[in-house]
Amino acid sequence: MGHWFSRNIVEPGKLPMLLALTSFVLTFLVTRTVVRLIRAGKGPFRNVSSGGLHIHHVVPGVVLTVLGGFGAVASDRHGVGACVFAVLFGVGAGLVLDEFALILHLDDVYWTDEGRKSVEVVVLTAALMGLTLSGFSPLGVDDMTADERQDRATFILTLAVNFLFVLIALVKGKFRMAVLGTLIPFVAIVGAVRLARPGSWWSRRFYGRRHKARARSRIRTYRHDKRWTKVRRRLQDLIGGFQERVPGRGSTPS
């Protein structure tokens with residue numbers, strides 16, 4: 001196990017990324033636990049305020065992310081400094097993305113349906129970092145041989161084609177598939193080939209006079225959402241605690 005860790009993590013310089021991912025996930029889980037205790041009025045934790053101003057944890061998160069990011073850029077991947085700054089960056093990113101919905105809506109939507117976006121973004125970010133740590137490279141670069149990488153035309157064509165699939169999946173309204181498709185091209189290909197979601201740019205642009213395509217798109221989207229929305233919401237409830245019963249009006253997170 002030690003030999004595998006040294007050969008696959010330490011030697012390639014992936015230790016800072018592993019530390020960043022670990023600190024990111026742990027920070028998010030700890031932060032969610034603390035704010036759930038605050039909301040329930042349990043434990044010693046309380047909201048943080050200064051002069052009557054409620055300070056959300058996205059504020060220290062931004063500071064730590066900036067410090068960790070600049071420090072990581074200035075450090076060597078194999079040094080102790082890189083590991084320290086990676087942890088700082090992971091902690092900061094966990095605090096920031098836990099309140100992603102608040103930043104997106106510029107409103108305190110932490111415990112609302114809009115607040116579920118924070119959990120979804122954190123899970124998606126952790127998955128992408130995990131795939132990258134496992135050796136996946138953006139836009140199918142890891143699927144190319146050394147000779148193909150040396151051939152500039154082949155290299156650029158591969159990037160362009162895979163990026164096109166990602167872009168098509170995105171304009172078809174399939175955001176998750178587009179994001180995952182940046183690391184796993186097959187996912188982007190599936191998203192690009194299948195019908196666009198209703199209301200997407202692709203649907204408005206190309207299905208305007210294709211009534212059958214619009215109808216099939218609505219039916220497929222309805223069946224897909226009916227099958228997976230409940231599963232996704234249950235996972236978000238489990239992680240984020242959105243459906244917990246709290247006596248009175250719960251306080252906002254710190």
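**Exercise 1. Find which helices help cover the buried residues of helix 4.**

Solution. Start by looking around helix 4 in this predicted model. The cover over its buried residues includes helix 2 (15-40) and helix 3 (58-74), along with helix 5 (100-105) and helix 6 (116-133). Next, pick out what is being covered: Ala82, Cys83, Ala86 and Gly90 are buried, and so is the run Gly92, Ala93, Gly94, Leu95, Val96, Leu97 and Asp98.

**Exercise 2. Check whether the end-to-end span of helix 4 agrees or disagrees with its residue count.**

Solution. Helix 4 covers residues 80-98, which makes 19 residues. The expected span is 1.5 Å times one less than that number, so you should get 27 Å. Now compare with the model: the end C-alpha atoms are 27 Å apart, so the two agree.

**Exercise 3. Work out where Ser217 sits and what it touches beyond its sequence neighbours.**

Solution. First, place it: Ser217 is in helix 12, residues 211-240. Second, check exposure: Ser217 has a relative accessible area of 2%, and the cut-off for buried is under 20%, so Ser217 counts as buried. Third, skip anything within four places in sequence; the contacts left are Leu195, Ala196, Arg197 and Pro198.

Arg197 also has a salt bridge to helix 12. Its side chain meets that of Asp225 at 3.0 Å, N to O. Asp225 belongs to helix 12 and Arg197 to the loop between helix 10 (185-193) and helix 11 (201-206), so this pair ties together parts 28 residues apart in sequence. Both partners are partly exposed, Asp225 at 24% and Arg197 at 27%.

**Exercise 4. Trace the salt-bridge network that includes Asp113 and Asp237.**

Solution. Searching the whole structure turns up six salt bridges. Take two of them in turn.

- Asp113 and Arg233 pair through their side chains at 3.4 Å, N to O. Asp113 is in the loop between helix 5 and helix 6 while Arg233 is in helix 12, so you can't spot this link from sequence neighbours: they are 120 residues apart.- Arg116 and Asp237 pair at 2.8 Å, N to O. Arg116 lies in helix 6 and Asp237 in helix 12, so this bridge ties together parts 121 residues apart in sequence.

Now check exposure. Asp113 is partly exposed at 48%, and Arg233 is partly exposed at 31%. Arg116, by contrast, is buried, with a relative accessible area of 4%.

Last step: join the pairs. Salt bridges with shared partners put Asp113, Arg116, Arg233 and Asp237 into one network.

Key
Residues numbered from 1 in each chain as written. Predicted model: local features only at pLDDT ≥ 70, side-chain atom pairs only at ≥ 80, totals over all residues. Heavy atoms only, no water. Helix = DSSP H or I, 4+ residues; strand = E, 2+ residues; numbered from the N terminus. Buried < 20%, exposed > 50% of the residue type's maximum accessible area, 1.4 Å probe, protein only. Contact = heavy atoms within 4.5 Å. Salt bridge = Lys/Arg side-chain N within 4 Å of Asp/Glu carboxyl O.
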